[in-house]
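Trainee: Before we look at the chain together, could you take me through how the labels we use are justified, setting each value against its cut-off?

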Amino acid sequence: MTFREINSRMVEATVVPGQRLFSQRGAMLAYRGDVSFTPNIQGGQGGVMSMIGRRVANEATPLMSVEGQGTVLFGHGGHHVQVIGLDGDTLYVEADRLLAFEGTLQQGTMFMGSQGGVMGMVRGQVTGQGLFTTTLKGRGAVAVMAHGGVIEVPITPRRPIHVDPQAYVAHHGDVRNKLSTALGWREMVGRGSGEAFQLELSGSGAVYVQASEEKL
């Protein structure tokens, strides 16, 4: 794997010739070797349409293309960093949480309404993802940011997982998700997000949950 966790807030990435990494602008802390950092204007492997999609989606987090030979230390804002490995499936995560990812992954944008219609759009607002979210598909590694520690919770058939929407970080696999209300609308006044709404994920995959309801 390209990324090695140094501590809970920093990862070290190995950069080799012919292979590209992408990182959030301002995420580089230090590096060794002959490594270059250039603004990415093509939206990762997703190309120009991916970039346009992210801008329409308000997901225009600036990325840097990292190439050369050496090692790079990444971190940002003192946030907890979690490394996620993908083996051909798709990771769903908001762009602001992306610290760095391998160039072998194809980046895209998904309209939240395509997963649950109106409730999908409501879910995007509650979780902080907005009307769109970022997707990364293929084989490779991703470093994402969160508040507090992160735990990976497996999702297995016939055993759905219920998550506080504001503690949700990302998910991958063949997963269906829907937002449900745990209380009546009148009872929801003054309630915290986890008491009012629950994000139900079912199928086969994993969801990543942070140890805080604070958003980035």
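Mentor: Let us begin with the charged pairs in this predicted model, where the count comes to 4 salt bridges.

Trainee: What makes R4 and E12 a salt bridge?

Mentor: The closest N and O atoms of R4 and E12 are 2.9 Å apart, and because the rule asks for a side-chain nitrogen of Lys or Arg within 4 Å of a carboxyl oxygen of Asp or Glu, the pair of R4 and E12 qualifies.

Trainee: And why is the pair of E12 and R32 called a salt bridge?

Mentor: For E12 and R32 the closest N and O atoms are 4.0 Å apart, and since the cut-off is within 4 Å, this pair is counted as well. The pair links distant parts of the chain, with E12 in strand 2 (residues 10-15) and R32 in strand 4, 20 residues apart.

Trainee: Which of the labels buried, partly exposed and exposed belongs to R4, to E12 and to R32, and why?

Mentor: E12 has a relative accessible area of 14%, and because buried means under 20%, E12 is called buried. R32, at 60%, counts as exposed, because exposed means over 50%, whereas R4, at 48%, falls in between and therefore counts as partly exposed.

Trainee: How do you know that R97 forms a salt bridge with E94, and are these residues buried or exposed?

Mentor: The closest N and O atoms of R97 and E94 are 3.3 Å apart, which satisfies the limit of within 4 Å. R97 has 0% relative accessibility and E94 has 11%, so both values are under 20% and both residues are buried. As for networks, salt bridges that share partners join R4, E12 and R32 into one.

Trainee: Why is M28 called partly exposed?

Mentor: M28 has 34% relative accessibility, and because this value is neither under 20% nor over 50%, M28 counts as partly exposed. M28 lies in strand 4 (residues 28-39), and, leaving aside its neighbours within four places in sequence, M28 is in contact with F37, V72, L73 and F74.

Trainee: What makes R158 exposed, and where is it found?

Mentor: R158 reaches 81% relative accessibility, which is over 50%, so R158 counts as exposed. R158 is found in the loop between strand 10 and strand 11 (161-163), and R158 has a positive phi of about 65 degrees although it is not a glycine.

Notes
Residues numbered from 1 in each chain as written. Predicted model: local features only at pLDDT ≥ 70, side-chain atom pairs only at ≥ 80, totals over all residues. Heavy atoms only, no water. Helix = DSSP H or I, 4+ residues; strand = E, 2+ residues; numbered from the N terminus. Buried < 20%, exposed > 50% of the residue type's maximum accessible area, 1.4 Å probe, protein only. Contact = heavy atoms within 4.5 Å.
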